[in-house]
Amino acid sequence: MEFNASRLHLPRFRLSVAADLCVETVSVVSDTSNFGVLELFTERRDLMSLPVLESDRPIGLISRNIFMSQMSKPFYHELYGKKSCIAFMDKEPLIVDAAMSIEELTFRAVESGEKALADGFIVTRDGGLAGVGFGLQLMNVVANMQAEKNRQIMHSIDYASVIQRSLLRPSDLALAETLRDAHLEWQPRDVVGGDFYHFARYPDGWFAAIADCTGHGVPGAFMTLISSSTLAQALQQLGPRDPAALIAEVNRGVKSMLGQVDERHSQHGAAASNDGMDAAFLWFDYASRQLHFAGAKLPLFQLDPDQQAVQTVDGDRMGVGYVDTPLDYAWTNKTITIPERSLLFLTTDGLIDQIGGPKEIAYGKRRMRDVMLAQRGAGARDVSDAMLADYQAWQGEQPRRDDLTFFCFRP
């Protein structure tokens with residue numbers, strides 16, 4: 001079954017426990033071969049997550065996206081086809097009892113991370129498999145519960161904002177522990193937004209990403225859930241050191257999850273949606289002080305200590321996940337040696353495209369570069385504060401056009 005956000009409907013009755021979200025599903029036992037799982041996924045295109053049982057009790061969960069991606073690699077059929085399906089199984093899925101309250105389930109899902117919201121969770125009854133639940137359905141129910149309690153949609157959006165900010169919090173902590181001179185600004189246009197970021201620390205370097213998904217408010221927030229969870233899966237599979245390969249993997253994941261195949265190559269006609277994101281991914285290597293950058297419609301701005309102008313490192317002019325983005329498109333890595341005290345800046349188009357000023361025109365890249373030059377000796381937080389103040393003065397009485405996210409740092 002292809003996912004389409006427009007098909008989600010608020011339930012007409014109050015859901016109170018995990019059993020209300022439970023969907024009956026097929027399962028496999030732990031000694032089932034990967035060929036057996038592949039056959040099942042091929043026959044059941046609606047099957048997104050497959051529980052694995054041992055002695056009639058669930059021990060793991062196989063994600064369709066991860067499994068199909070692994071089995072499509074060269075020689076994996078020969079190497080893993082006849083082996084047990086536990087090779088590609090999530091051995092620590094979220095498992096909840098059918099009697100668990102929706103409130104507790106929500107906190108458990110957030111605590112267990114993005115995989116529970118992306119791949120779903122297992123519901124049990126008396127220790128045995130009852131079925132599976134899905135993260136998007138849970139988020140929808142949470143929003144509806146708040147609307148029922150307060151009869152005001154604003155309350156449901158506030159609750160969704162808590163979930164969205166909770167998913168971003170690990171990146172905030174990792175950034176604070178890794179870079180002393182850095183600042184990441186995230187301001188949704190509405191209470192929840194369509195921009196997201198990711199930052200992770202590794203022994204030999206760090207990975208960072210910012211992305212601008214289609215839509216604002218709740219629709220945009222749904223897209224950030226899809227995109228950020230797909231990125232988390234890609235990092236788990238490929239590691240952080242090849243940003244271009246990660247963007248390509250996210251592209252395949254988003255297109256697959258949303259069923260966004262080019263109608264020229266689809267047997268089912270036009271896709272039901274055309275959503276995606278612009279993004280910039282970075283890998284910084286401590287030993288070489290080299291920054292590896294890949295961009296999907298987003299550039300990187302660099303100001304070295306001995307330069308008199310801000311340099312622009314352009315990304316590819318191809319968005320991620322859209323219907324007209326090829327499934328096999330390969331983004332390009334740009335490798336940059338970063339001198340000490342260089343200032344670098346990434347931003348979504350919410351900064352550059354904001355209308356304002358006496359002529360009511362876009363803020364633009366020139367003003368952004370001017371602020372970087374004027375603040376070239378300042379710390380990243382001071383540069384960011386100056387950029388935000390200039391942006392707000394430019395906006396004036398004009399309405400905010402878009403979500404605003406930018407990342408300013410000195411490696």
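User: In this model, which side chain does aspartate 385 meet in a salt bridge?

Analyst: That would be arginine 381, at 3.3 Å from N to O. Keep in mind that the model is predicted. Both residues sit in helix H12 (residues 380–395), four residues apart, so about one helical turn separates them. Aspartate 385 is partly exposed at 37% relative accessibility, and arginine 381 is partly exposed too, with 48%.

User: Where else do the side chains of an arginine and an aspartate meet in a salt bridge?

Analyst: Try arginine 366 and aspartate 370, at 3.1 Å from N to O. They are four residues apart in helix H11 (residues 364–374), again about one helical turn. Here arginine 366 counts as exposed at 56%, while aspartate 370 is partly exposed at 36%.

User: Which parts does the pair of lysine 115 and aspartate 90 tie together?

Analyst: Their closest N and O atoms are 3.2 Å apart. Lysine 115 lies in helix H5 and aspartate 90 in the loop between helix H3 (76–80) and strand E4 (95–97), so the bridge ties together parts 25 residues apart in sequence.

User: How many salt bridges does a search of the whole structure find?

Analyst: Eleven. There's also a network of them linking Asp181, Arg341 and Arg410.

User: And what about cavities: how many of 30 Å³ or more does a search find?

Analyst: The general idea first: rolling a probe the size of a water molecule over the atoms shows where empty space is left. Here the search finds one such cavity, with a volume of about 50 Å³. Lysine 115 and aspartate 90 turn up again, among the residues of its lining. H5 gives the largest share, three residues. By type, the lining has four nonpolar, two polar and three charged residues.

Note on methods
Residues are numbered from 1 along each chain as its sequence is written. This is a predicted model: local features need pLDDT of at least 70, side-chain atom pairs count only at pLDDT 80 or more; totals for chains, interfaces and linings use all residues. Side-chain values use heavy atoms; hydrogens and water are left out. On a 1 Å grid over the protein atoms alone, a cavity is a set of points where a 1.4 Å probe fits but cannot get out, and a pocket is an open set with protein on both sides within 12 Å along at least five of seven lines; lining residues have an atom within 4 Å of a point. Grid points are joined across faces, edges and corners, and a volume is the space filled by probe spheres set on the points. Helices (H or I, at least four residues) and strands (E, at least two) are DSSP runs, numbered from the N terminus. Ala, Val, Leu, Ile, Met, Phe, Trp, Tyr, Cys and Pro count as nonpolar, Asp, Glu, Lys and Arg as charged, and the others, Gly among them, as polar. A salt bridge is a side-chain nitrogen of Lys or Arg within 4 Å of a carboxyl oxygen of Asp or Glu. Buried means under 20% relative accessible area, exposed over 50%, partly exposed in between (1.4 Å probe, protein chains only).
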